[in-house]
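Hi everyone, thanks for making time this morning. I'd like to walk you through a few side-chain contacts, starting with the rings and ending with the cysteines.

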Amino acid sequence: MPDLKLVPEIYCSDIVATTRFYTEIFGFNIKYQRPEDEFVYFTLDDVDIMVESISYEGRHWITANLEKPYGRAVNFQWDVRDIDSLYSRIKNSSPESVYLELETKIYQCGNTSKTQKQFIAQDPDGYLFRFCCEKQ
C-alpha cells in the first residue's frame, strides 16, 4: 500500500509569478506541471503542494469569491531540513514576504515539549507558510 499523505491544492492569481516565487524564493522543486491547465505540483523536503491559476477556464472548486489575501485563517506548516539557509534566502531576496521573523519556540505536546525554529513567509497571493525545523 502506498504512503498516504495530505497534499493541499491552492489557487493563485498568476501561475508564472507564483512558479517563479516558489522556485526562486522558497526553493521548491517542480515535481510536474500541466501548463495547459495552469497547474504546478511543487515539492520541498518530501512535502508537496499543488497550485492552480484562478484564470484557468476549466473546473474549479471555489466556494466563494476570491479576494486577497487568499488563504485567510490558515497557514501551512512546512518541516524543512535547513531552516537557516531558507530563511536567509527569503530574507535577502524577498524581505517583504517575511511575515514572522525567525524565532525559537517551545510548544507543549501532550506530556512533552518540543522546541522548533520557525518563521512565516507570505506568498504573492497572501498564503502563509510556517517553515520550521525541530531542534534536538
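Let me start with a quick one: does F26 count as buried or exposed? F26 counts as buried, with a relative accessibility of 0%. Please keep in mind that this is a predicted model.

F26 has an aromatic partner, F21, and the two rings meet edge-to-face, with 5.0 Å centre to centre and 70° between the planes. F21 is buried as well, at a relative accessible area of 11%. This pair is one of 21 aromatic pairs that turn up in a search of the whole structure.

Here is another edge-to-face pair: F28 with F42, whose centres are 6.1 Å apart and whose planes make an angle of 80°. F28 sits in the loop between α1 (15-25) and β2 (29-34), while F42 belongs to strand β3 (residues 39-44), so their contact ties together parts that are 14 residues apart in sequence. Both F28 and F42 are buried.

Rings also meet a charge here: R34 lies over the face of F39, at 4.0 Å from the ring centre.

Now, the cysteines. How many disulfides does a search of the whole structure find? The search finds 0. Take C109: its closest cysteine sulfur is that of C132, and because the two sulfurs are 11 Å apart, they are too far for a bond. C133 is in no disulfide either, and its nearest cysteine sulfur, again from C132, is 7.6 Å away. As for exposure, C109 is partly exposed, with a relative accessible area of 36%.

That's my tour, and I'm happy to go back to any of these on screen.

How values were computed. Residues are numbered from 1 along each chain as its sequence is written. Side-chain values use heavy atoms; hydrogens and water are left out. A disulfide is a pair of cysteine sulfur atoms within 2.5 Å. Buried means under 20% relative accessible area, exposed over 50%, partly exposed in between (1.4 Å probe, protein chains only). Rings of Phe, Tyr and Trp (its six-membered ring) pair if their centres lie within 6.5 Å; planes under 30 degrees apart count as stacked, over 60 as edge-to-face and the rest as tilted. Helices (H or I, at least four residues) and strands (E, at least two) are DSSP runs, numbered from the N terminus. A charge sits over a ring if NZ of Lys or CZ of Arg is within 6 Å of the ring centre and within 35 degrees of the ring normal.
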